[in-house]
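Look over the sequence and the model below. This report takes up a salt bridge, a pocket and a pair of helices.

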Amino acid sequence: MTDYDPDNVKQSPSAWVADQARRYEESGGTQATDMKGSPCLLLDYQGRRSGDWHRTVLIYGQDGDDYLIVASQGGADEHPQWYRNLEINPQVWLRVGTERFEALAETLPPEDKARVWPHLVDVYGPYADYQKKTSRDIPVVRLTRK
């Protein structure tokens, strides 16, 4: 596994995600911090095979002091790669606005997901449609500051 260096993180292969992440990071968290009005964070996570650090931009909700992210992948039938990596390596780094900090990722059990899901749909309405598009139960991940 490689040591974390926020300046040496692999960007998303998706051009628009990489562009938003770059603008978010280069501005110190003052620009590109939302997606169509929904708040976004930068998630830096370690690859399960390579050990390299990767970065993606995700919409988030909150539950107390914790951040919540949704592994929706637009309602695809497969989990996103970032989620598959978190299952193996739950130690992550976040940038939320101007703040960067280490966090621990944990998939919510069904009863906790049911409790926070309405809030997440309020934050980003398409989540409800994404869940209807797929037979997979879309995971919700709690990010707890270390």
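## A bridge, a pocket and a crossing

Asp19 and Arg23 both belong to helix H1, where four residues, about one turn of the helix, set them apart. Keep in mind that this is a predicted model. Asp19 and Arg23 form a salt bridge. Their closest N and O atoms are 3.3 Å apart. The count of salt bridges comes to 12.

Helix H1 also helps to line the largest pocket. That pocket holds about 720 Å³ of space. Its lining has 31 residues. Ser12, Thr56, Leu58, Pro80 and Trp82 lie nearest the centre of the pocket. The table lists the elements that give two or more residues to the lining.

| Element | Residues |
|---|---|
| Helix H1 | 15-26 |
| Strand E3 | 53-59 |
| Helix H2 | 81-88 |
| Helix H4 | 126-133 |

Which element gives the largest share of this lining? Strand E3 does, with six residues. By type, the lining of the largest pocket has 15 nonpolar, 12 polar and four charged residues.

Helix H4 has another partner, helix H3, which spans residues 110-123. Two packed helices are described by the angle and the distance between their axes. The axes of H3 and H4 come within 8 Å. They cross at roughly 125°. An angle between 115 and 145 degrees counts as oblique, so H3 is oblique to H4.

Which residues make the contact? H3 brings Lys113, Trp117, Leu120 and Val121. H4 brings Tyr127, Ala128 and Gln131. The residues of this contact divide into five nonpolar, one polar and one charged.

Terms used
Residues numbered from 1 in each chain as written. Predicted model: local features only at pLDDT ≥ 70, side-chain atom pairs only at ≥ 80, totals over all residues. Heavy atoms only, no water. 1 Å grid on protein atoms, 1.4 Å probe; cavity = no way out; pocket = protein on both sides within 12 Å on 5 of 7 lines; lining within 4 Å. Points joined across faces, edges and corners; volume = space filled by probe spheres on them. Nonpolar A, V, L, I, M, F, W, Y, C, P; charged D, E, K, R; others polar. Axes fitted to C-alpha atoms, helices over the stretch in contact; angles between N-to-C directions. Parallel < 35°, antiparallel > 145°, perpendicular 65-115°, else oblique. Contact = heavy atoms within 4.5 Å. Salt bridge = Lys/Arg side-chain N within 4 Å of Asp/Glu carboxyl O.
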